[in-house]
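The following paragraphs explain how this protein chain is put together. The reader may wish to keep the sequence and the model in view throughout.

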Amino acid sequence: MATNVSAALDEVTRPTKGLNIVLWILQILAASAFLLAGGLKLAGAEPMVSMFDKIGLGQWFRYLTGGLEVTGAILLLIPTTVVLGGALLVMTMLGAIATHLFVLGGSPVPAIVLFVMVGTVTWYRWLTSIRGTNGRGNQ
């Protein structure tokens with residue numbers, strides 16, 4: 001019985017080569033988007049300054065959000081920290097979605113797309129990490 005459970009868990013958590021490639025593409029695209037968005041926030045781009053003025057928490061919140069996005073993007077590209085970075089960015093995107101829906105107005109679709117991308121990567125990489133392999137089936 002235990003072998004059947006182990007075999008089933010192994011099949012579920014071991015990403016195929018194709019899935020692993022898709023996950024890496026999603027990681028790189030998401031990290032690029034977060035590096036750009038976070039960099040613009042940290043650099044003080046006028047649209048970002050205006051947006052955070054509308055939010056009403058002050059410009060310190062722009063720096064915090066930009067720092068979280070850049071940090072999460074970097075962590076997303078390091079195999080040993082991808083789950084941590086993904087969790088950080090998922091939480092950030094939940095805040096962005098809520099902010100668009102309840103404070104700023106406008107479309108939350110970009111934040112939702114990033115949430116789904118990062119959530120998918122985080123979920124599959126987390127499943128691989130709890131199994132204790134590096135995604136290629138090696139211990």
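Helices and strands are taken here as DSSP runs, of at least four residues for a helix and at least two for a strand, numbered from the N terminus. On that basis the protein, which is a predicted model, has six helices and zero strands. Along the sequence the pattern reads α-α-α-α-α-α. Of the 139 residues, 32% are buried. The protein exposes about 8,000 Å², and carbon and sulfur atoms supply 72% of that area. Among contacts between residues at least 6 apart in sequence, 60% join residues at least 24 apart.

The account may begin with helix α2, which covers residues 17-43. The end C-alpha atoms of α2 lie 38 Å apart, which agrees with the 39 Å that its 27 residues should span at 1.5 Å a residue. The buried residues of α2 are Asn 20, Leu 23, Leu 26, Gln 27, Ala 30, Ala 31, Phe 34, Gly 38 and Lys 41. A general property of helices helps in reading such a list: an α-helix has 3.6 residues a turn, so residues three or four places apart point the same way. The cover over the buried residues of α2 includes α3, α4, α5 and α6. Just after α2, Gly 44 adopts a positive phi of about 80°.

Which residues does Gln 27 touch, leaving aside those up to four places away in sequence? They are Leu 76, Leu 77, Val 82, Val 121 and Arg 125. Gln 27 counts as buried because its relative accessibility is 1%, and the cut-off for burial is under 20%. Two of its partners, Val 121 and Arg 125, are themselves among the buried residues of α6, while Val 82 is one of the buried residues of α5.

Helix α5 offers a second point of reference. Its buried residues are Val 82, Gly 85, Gly 86, Leu 89, Val 90, Thr 92, Met 93, Ile 97 and Thr 99, and they pack against α2, α3, α4 and α6. Two of these pairings can be followed in detail. Two packed helices are described by the angle between their axes and the distance between the axes.

The axes of α4 (residues 59-76) and α5 (residues 82-104) come within 7 Å and cross at roughly 145°. The crossing is left-handed. On the α4 side the contact involves Thr 65, Leu 68, Glu 69, Thr 71, Gly 72, Ala 73, Leu 75 and Leu 76; these meet Val 82, Leu 84, Gly 85, Gly 86, Leu 88, Leu 89, Thr 92 and Met 93 of α5. By type, the residues of this contact comprise nine nonpolar, six polar and one charged.

Helix α3 packs against α5 at an angle of about 65°, with the axes 10 Å apart. This crossing, too, is left-handed. Met 51, Lys 54 and Ile 55 of α3 make the contact with Thr 99, Val 103 and Leu 104 of α5. Four of the residues in the contact of α3 with α5 are nonpolar, one is polar and one is charged. After α5 comes Gly 105, with a positive phi near 80°.

Helix α6 spans residues 109-131. Its 23 residues reach 33 Å from first C-alpha to last, close to the 33 Å expected at 1.5 Å a residue. The buried residues in α6 include Ala 111, Leu 114, Met 117, Val 118, Thr 122, Leu 127 and Thr 128.

Definitions and conventions:
Residues numbered from 1 in each chain as written. Predicted model: local features only at pLDDT ≥ 70, side-chain atom pairs only at ≥ 80, totals over all residues. Heavy atoms only, no water. Axes fitted to C-alpha atoms, helices over the stretch in contact; angles between N-to-C directions. Left-handed = near helix turned anticlockwise from the far one by under 90°. Contact = heavy atoms within 4.5 Å. Nonpolar A, V, L, I, M, F, W, Y, C, P; charged D, E, K, R; others polar. Buried < 20%, exposed > 50% of the residue type's maximum accessible area, 1.4 Å probe, protein only. Areas by Shrake-Rupley, 256 points an atom, 1.4 Å probe, with all protein chains shown as cover. Expected span 1.5 Å × (residues − 1).
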